[in-house]
Amino acid sequence: MTRVLSTPPAMNSGCLAAAPQPVLPATDGGGLLLRPWERTDAAAFLSAYQDEEIRRWHTHRPSTEAQVREWFDAYRQDWEREKGCHWAVARGDDEVLGRMALRDLDFDDGVANVAYWVLPAARGAGVASRALAAVSAWALGDIGFHRLELDHSTRNHASCRVATKAGYRLEGTKRNAAVHDDGRHDMHLHARIRGD
């Protein structure tokens with residue numbers, strides 16, 4: 001069934017796929033870059049999902065480097081199909097420090113969902129909040145999204161600090177909204193809109 005939108009879409013299709021996925025520098029320097037995942041990043045990506053904290057908050061997990069490379073192929077297809085944007089957060093010397101993603105892209109309303117993790121060695125140094133600020137500035141400013149949302153377990157205090165530091169306001173609690181390994185969790189909903 002074809003559904004007709006009664007209002008103009010907030011964003012036009014093609015605004016992503018018309019160009020290669022960009023490399024985004026963190027605005028405050030420090031050599032931090034968001035870049036597309038490369039096949040050589042598979043070992044670092046897989047090692048992230050061996051970390052207890054990342055496993056605690058992320059239930060979709062690869063189990064082999066071959067599976068990671070399949071994920072990377074899917075990430076490239078997401079960009080080409082304008083379904084998602086996935087970056088490695090890396091130091092200038094190419095050391096992978098974390099992950100940043102935009103998912104659930106809705107061009108009609110100009111809304112996307114943000115997801116991230118940071119490897120243990122990079123935690124506490126502002127990597128996640130700087131990367132989140134960079135992707136937010138790009139998505140809201142350069143690309144034209146109107147609203148970016150992120151949610152995390154109410155028990156994930158570190159993620160809450162990252163969101164707040166990057167300008168994402170806490171809007172409320174979604175009760176029993178996600179399943180983690182230890183059962184259902186309430187989820188905080190944060191959002192940043194253009195102009196915040």
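Colour the chain by secondary structure to start: you should find 5 helices and 8 strands, where helices are DSSP runs of H or I with at least four residues, strands are E runs of at least two, and both are numbered from the N terminus. Walk along from the N terminus and the order is β-β-α-α-α-β-β-β-α-β-α-β-β.

Before you click further, know that this is a predicted model, in which local features need pLDDT of at least 70 and side-chain atom pairs count only at pLDDT 80 or more, while totals for chains, interfaces and linings use all residues. Residues are numbered from 1 along each chain as its sequence is written, and side-chain values use heavy atoms, with hydrogens and water left out.

Now zoom out to the whole chain. Its C-alpha atoms fill a box of roughly 50 × 40 × 40 Å along the principal axes. The radius of gyration is 17 Å, which agrees with the value near 16 Å for a compact globule of 196 residues; it is taken over C-alpha atoms, and the globule rule is 2.2 Å times the number of residues to the power 0.38.

Next, show the pocket. The largest one has a volume of about 1100 Å³. Here a pocket is an open set of points on a 1 Å grid over the protein atoms alone, where a 1.4 Å probe fits, with protein on both sides within 12 Å along at least five of seven lines; lining residues have an atom within 4 Å of a point. The volume is the space filled by probe spheres set on the points, which are joined across faces, edges and corners.

Select Trp 57, His 58, Tyr 116, Trp 117 and Asn 156: of the 42 lining residues, these are the closest to the pocket's centre. Then pick strand β5 (111-118), one of the elements that supply at least two lining residues. What share of the lining comes from β5? It gives the largest share, 6 residues.

Last stop: Ala 133, in helix α4. Is Ala 133 buried or exposed? Neither: Ala 133 is partly exposed, at 23% relative accessible area (buried is under 20%, exposed over 50%, partly exposed in between, with a 1.4 Å probe and protein chains only). Show its neighbours and you'll see Ala 133 touch Ala 166 and Arg 192, leaving aside residues up to four places away in sequence; a contact means heavy atoms within 4.5 Å. Finally, draw a distance from Ala 133 to Gly 167: their C-alpha atoms are separated by 7.8 Å, though the two sit 34 residues apart along the chain.
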